Amino acid sequence: MFARRQPLKPVAVNAQRALRDMDDLLQRAIGEQVTLAIVSEPGLWNTLADLGQLENVILNLAINARDAMPDGGTLKIDLRNVTLRAGEAPAWVDAIAGDYVRLSITDSGVGMPPEVVAMAFEPFFTTKPIGSGTGLGLSMAYGFVKQSDGHIHIESAPGQGATVVIHLPRSDAPDEEALAPTPLIAVGGSETVLVVEDDADVKATAVGMLRELGYHVLDAHDGESALAVIRGGAAIDVLFTDVVMPGPVSSTQLAAAARELLPRIAVLYTSGYTQNALTTGGRLHDGVQLIGKPYRSEQLAHKIREVLAIPLQNDGVEKRISSH
């Protein structure tokens, strides 16, 4: 997203409502050792942003904050209306005067020295151990905010925690999600779902959601290990796999092999962005079922029931995709 300026679909969004809707997802992501506090100014303005990407940025920043508090702590998300006037924000070289919604995410963690703050938005820069992060989370947040005509900066010092401050332009349009609410009912089931996800935190969240919905859940960290589970004779009803998979077995290869072994298996892909392997001309291949990240429990519940209700509509789809 940072490199190719991923196309956004901005709509009028109320950030307070968006945070309320993803509260359960945030709580799962930060764990029991971190206390989450969300404070919003009454009469918060709407902003113009891509809702899915905004939720993704908030989730990534929350996980970064959690990692900065290994012994637990407090994560505070503060929402305010602000008006920036010319010359009032000298630290932001490209700041443009106007009305903004300010989103501040503050942790009580270890903090960062100035040299780390200066590099924090650089792609692939990370202070985490090898295998614990790509260094793309903050750079993608930076890319999203800049594409949205907003501003982002970090305030931090060693031992004093960190605050990521995002300003997104005000929108006078009504919140589109609030205009036509179509609440999804979280209907579960008793089928067996195999979750394939290389990110341990995301996998744990998905597994937890599905188990609360009543499903029997198996999990694997890549395509190769998932294929071993299937070949082991498990009776799996749904393969729920991330699109981008490490290792020699891709997600589409995994799906094709799963269908050969279990002809009646339903396949649901998930991804934080549109993957070319599943698209032609920017559109999903016929029969491919995809849920974007991040997703709420109700959305996942609805999508699982949806793919289970499709009578083998996807037969042969993965084979066609793999041949491209």
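**Notebook: contacts, helix pairs and cores**

**Leu218.** Leaving out the neighbours within four places in sequence, I looked up what Leu218 touches, and found it in contact with Thr192, Val193, Leu194, Val195, Val229, Ala234 and Ile236. I note here that I am reading a predicted model. Leu218 has its place in strand S9, which covers residues 216-220. Its relative accessible area is 21%, and since buried means under 20%, I enter Leu218 as partly exposed. I also looked up the pair Leu218 and Val207, which stand 11 residues apart in sequence, with their C-alpha atoms 8.0 Å apart in space.

**The chain as a whole.** I then stepped back to the protein chain, in which I find 11 helices and 14 strands. The chain has 324 residues, of which 48% count as buried. When I took the contacts between residues at least 6 apart in sequence, 73% of them turned out to join residues at least 24 apart.

**H2 and H3.** My next entry concerns helix H2 (residues 23-30) and helix H3 (residues 51-67), whose axes cross at roughly 30° and come within 9 Å. Angles under 35 degrees count as roughly parallel, and H2 and H3 are therefore roughly parallel to each other. I record their crossing as right-handed. On the H2 side the contact is made by Leu25, Leu26, Ala29 and Ile30, and on the H3 side by Ile58, Leu59, Ala62, Ile63 and Arg66. Sorting the residues of this contact by class, I get eight nonpolar, no polar and one charged.

**Gln33, in the loop after H2.** I followed the chain into the loop between H2 and strand S2 (34-40), where Gln33 lies. Is Gln33 buried or exposed? I looked up its relative accessible area, which is 56%, so Gln33 is exposed. Apart from neighbours within four places in sequence, Gln33 is in contact with Pro70, Asp71, Gly72 and Gly73. I added Thr74 to this entry, as Gln33 and Thr74 are 41 residues apart in sequence while their C-alpha atoms are 8.6 Å apart in space.

**H7 and H10.** I turned to helix H7 (residues 200-212) and helix H10 (residues 297-308), which pack at an angle of about 70° with their axes 10 Å apart. H7 and H10 are therefore roughly perpendicular to each other. I enter the way H7 passes H10 as a right-handed crossing. Which residues meet where H7 and H10 pack? I find Ala206, Met209 and Leu210 in H7 meeting Ser297, Leu300 and Ile304 in H10. By class, this contact of H7 with H10 has five nonpolar residues, one polar and no charged ones.

**The cores.** I looked up the largest nonpolar core, which has 64 residues, and noted those with the most contacts inside it, namely Leu26, Leu75, Ile166, Leu210, Phe240 and Leu300. H3 gives the most to this core, with nine residues. A second, separate core has 19 residues, among them Val196, Ile236, Val243 and Ala257. I came back to Leu300 and listed its contacts, leaving aside neighbours within four places in sequence: they are Ala206, Met209, Leu210, Phe240, Leu268, Ile291 and Tyr295.

**H8 and H9.** Helix H8 (residues 223-231) and H9 were the last helix pair I looked up, and their axes come within 10 Å and cross at roughly 5°. H8 and H9 are therefore roughly parallel to each other. H8 brings Gly223, Ala226, Leu227, Ile230 and Arg231 to the contact, and H9 brings Leu254, Ala257, Ala258 and Leu261. I count this contact of H8 with H9, by class, as seven nonpolar, one polar and one charged residues.

I stayed with H9 (residues 251-261) and asked how many of its 11 residues are buried. Eight of the 11 are, so H9 is largely enclosed by the rest of the structure. The buried residues in H9 are Ser251, Thr252, Leu254, Ala255, Ala256, Ala257, Ala258 and Arg259.

**Asp149.** My closing entry is on the loop between helix H5 (137-147) and strand S6 (151-156), where Asp149 lies. I found the phi of Asp149 near 60°, a positive value in a residue other than glycine. Most residues other than glycine have a negative phi. With a relative accessible area of 58%, Asp149 is exposed.

Note on methods. Residues are numbered from 1 along each chain as its sequence is written. This is a predicted model: local features need pLDDT of at least 70, side-chain atom pairs count only at pLDDT 80 or more; totals for chains, interfaces and linings use all residues. Side-chain values use heavy atoms; hydrogens and water are left out. Axes are lines fitted to C-alpha atoms, for helices over the stretch in contact, and angles run from 0 to 180 degrees between N-to-C directions. Helices (H or I, at least four residues) and strands (E, at least two) are DSSP runs, numbered from the N terminus. Angles under 35 degrees count as roughly parallel, over 145 as roughly antiparallel, 65 to 115 as roughly perpendicular and the rest as oblique. A crossing is left-handed if the near helix is turned anticlockwise from the far one by less than a right angle, and right-handed if clockwise. Contact means heavy atoms within 4.5 Å. Ala, Val, Leu, Ile, Met, Phe, Trp, Tyr, Cys and Pro count as nonpolar, Asp, Glu, Lys and Arg as charged, and the others, Gly among them, as polar. A nonpolar core is a set of buried Ala, Val, Leu, Ile, Met, Phe, Trp, Tyr and Cys residues joined through side-chain atoms within 4.5 Å. Buried means under 20% relative accessible area, exposed over 50%, partly exposed in between (1.4 Å probe, protein chains only).
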